[in-house]
Amino acid sequence: MVRRPLGTRGPVVSAIGLGCMGMSEFYAGRDDEESIRTIRRALEIGVDFLDTADMYGVGKNEELVGRAIAGLRPNVFLATKFGNVRGSDGAFLGVNGRPEYVRSACEASLQRLGVEQIDLYYQHRVDTNVPIEETVGAMAELVRAGKVKYLGLSEAAPETIRRANATHPITALQTEYSLWTRDVEENGVLETVRALGIAFVAYSPLGRGFLTGTFRSDDDLAPDDFRRTHPRFQGENLAANVRLADAVKALAERKGCSPAQLALAWLLAQGPDIIPIPGTKRVRYLEDNAGAVNVALTADDLRAIDEALPPGSTHGNRYANMSTVHR
């Protein structure tokens with residue numbers, strides 16, 4: 001596994017991480033034992049950057065990750081998040097960035113994960129009712145207390161990132177970035193983190209699986225699959241976006257790799273500060289994703305990809321409610 005520095009302040013981690021969200025919720029099907037095998041196989045092949053959050057499965061995903069890494073903690077760079085609040089019944093209750101909530105959320109995550117320190121602690125979404133300086137100030141207290149090593153933000157806007165970084169150094173920004181989500185190239189987010197030496201962690205780098213060519217109609221999604229709520233997976237948008245997945249498949253065939261590998265290799269080629277964290281709960285997909293580090297894209301390859309999937313070519317928003325992103 002190729003390794004990359006996590007910005008100018010963080011350690012060196014695997015160039016491709018593992019997103020664990022879908023192991024516990026949102027995507028149809030759940031198999032904890034297979035998920036644990038996937039996490040442990042990731043560590044075996046050098047994928048040491050694991051990503052979870054307290055809201056995934058209402059804490060169940062952190063518990064799952066904790067089980068998987070028991071006895072293996074020195075081999076793991078562990079990231080989790082707080083801020084998206086959910087009730088015990090799974091209901092979404094909003095965003096909370098109040099200092100007292102930061103502290104209590106961290107304690108709960110440490111207990112579920114079964115660890116004494118979180119390597120990278122993100123604010124999952126920005127609470128616009130609480131000054132970012134107050135939220136990050138509370139996160140910085142966790143660093144001083146030894147409960148957290150590095151701080152991160154997710155889906156934050158340029159000015160928010162700058163203010164947060166002035167309060168305490170921010171190591172990583174996690175935001176959606178892929179061949180069908182390229183807004184960070186144009187809205188100042190990517191430019192801002194690079195100017196500040198902050199790593200860019202790309203979540204949903206395979207378009208929630210869409211860029212692999214798996215989904216061609218609504219019938220390909222289970223009735224309870226959360227992707228059904230995303231405009232990009234609905235009706236005419238989905239039909240139009242299938243052409244983008246077909247283009248990725250054709251380009252991958254020319255390159256002699258899988259569509260997932262092509263999409264991840266493209267992200268890796270956007271800069272040494274970008275670390276994609278594709279999610280999967282199956283070993284075979286994990287291994288395929290990890291193989292993207294062996295796909296070298298030439299200048300001609302990159303031009304062909306840009307011509308086939310230019311910025312803005314995707315149909316539909318990435319969320320039904322976009323009010324909590326880039327705040």
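Which residue in strand 8 does Ala79 stand opposite? In this predicted model, the residue is Leu120. The description below starts from the whole chain and then returns to the strand that carries Ala79.

The protein chain holds ten helices and twelve strands. Its radius of gyration is 19 Å, close to the 20 Å that the globule rule gives for 327 residues, so the chain is as compact as a globular protein of that length. The C-alpha trace spans about 50 × 40 × 35 Å along its principal axes. Of the 327 residues, 58% count as buried. The accessible surface comes to about 13,100 Å². Carbon and sulfur atoms account for 48% of that surface. Contacts reach far along the sequence. Among those between residues at least 6 apart, 75% join residues at least 24 apart.

Eight strands form an open sheet. Their order is 3-4-5-8-9-10-11-12, and the pairing is parallel. Strand 3 (18-19) and strand 12 (274-276) stand at the edges. Each has a single partner strand, so one side of each is left without a neighbour in the sheet. Helix 3 (residues 99-113) packs on this sheet. Helix 3 touches strand 5, strand 8 and strand 9 (148-154). The direction of helix 3 makes about 140° with that of strand 8. Helix 6 (residues 189-196) lies across strand 10 (172-176), strand 11 (199-203) and strand 12. Helix 6 runs at about 145° to strand 11.

Strand 5 comprises residues 77-82. How many of its six residues are buried? The count is six of six, and the strand is described as mostly covered. In a regular strand the side chains alternate between the two faces of the sheet. Strand 5 can be read in these terms. Phe77, Ala79 and Lys81 point one way from the strand. Leu78, Thr80 and Phe82 point the other way. Both sets are buried, with Lys81 and Thr80 included.

Strand 5 has a partner in strand 4 (residues 49-51). The two pair in the parallel sense over three bridges. Within this pairing, Leu50 stands opposite Leu78. Strand 5 is also joined to strand 8 (residues 118-123), by four bridges. These strands run parallel as well. Here Thr80 stands opposite Tyr121, and Ala79 stands opposite Leu120.

What handedness does the β-α-β unit of strand 4, helix 2 and strand 5 have? The unit is right-handed. Its helix, helix 2, covers residues 60-69. Helix 2 is mostly covered, with seven of its ten residues buried. The buried residues are Asn61, Glu62, Leu64, Val65, Gly66, Ala68 and Ile69. Their cover includes helix 1 (32-44), strand 4, strand 5 and helix 3. Helix 3 thus recurs here: it touches strand 5 in the sheet and also helps to cover helix 2. After helix 2 comes Gly71, whose phi is positive, near 85°.

Positive phi values also occur at residues other than glycine. Phe26 has a positive phi of about 80° although it is not a glycine. Phe26 lies in the loop between strand 3 and helix 1. Its relative accessible area is 11%, under the 20% cut-off, so Phe26 counts as buried. Arg208 is likewise not a glycine, and its phi is positive at about 55°. Arg208 sits in the loop between strand 11 and helix 7 (235-255). Is Arg208 buried or exposed? At 9% relative accessibility, Arg208 counts as buried.

The last site lies after helix 10 (299-308), in the segment that holds Met322. The relative accessible area of Met322 is 28%. This value falls between the 20% and 50% cut-offs, so Met322 is partly exposed. Met322 and His168 are 154 residues apart along the chain. Their C-alpha atoms are separated by 27 Å.

How values were computed
Residues are numbered from 1 along each chain as its sequence is written. This is a predicted model: local features need pLDDT of at least 70, side-chain atom pairs count only at pLDDT 80 or more; totals for chains, interfaces and linings use all residues. Side-chain values use heavy atoms; hydrogens and water are left out. Buried means under 20% relative accessible area, exposed over 50%, partly exposed in between (1.4 Å probe, protein chains only). Two strands pair if DSSP finds at least two bridges between them. A crossover is right-handed if, with the strands pointing away from the viewer, the path from the first strand over the helix to the second runs clockwise. The radius of gyration is taken over C-alpha atoms; the globule rule is 2.2 Å times the number of residues to the power 0.38. Contact means heavy atoms within 4.5 Å. Accessible areas come from the Shrake-Rupley method with a 1.4 Å probe; for residues, only the protein chains shown count as cover. Axes are lines fitted to C-alpha atoms, for helices over the stretch in contact, and angles run from 0 to 180 degrees between N-to-C directions.
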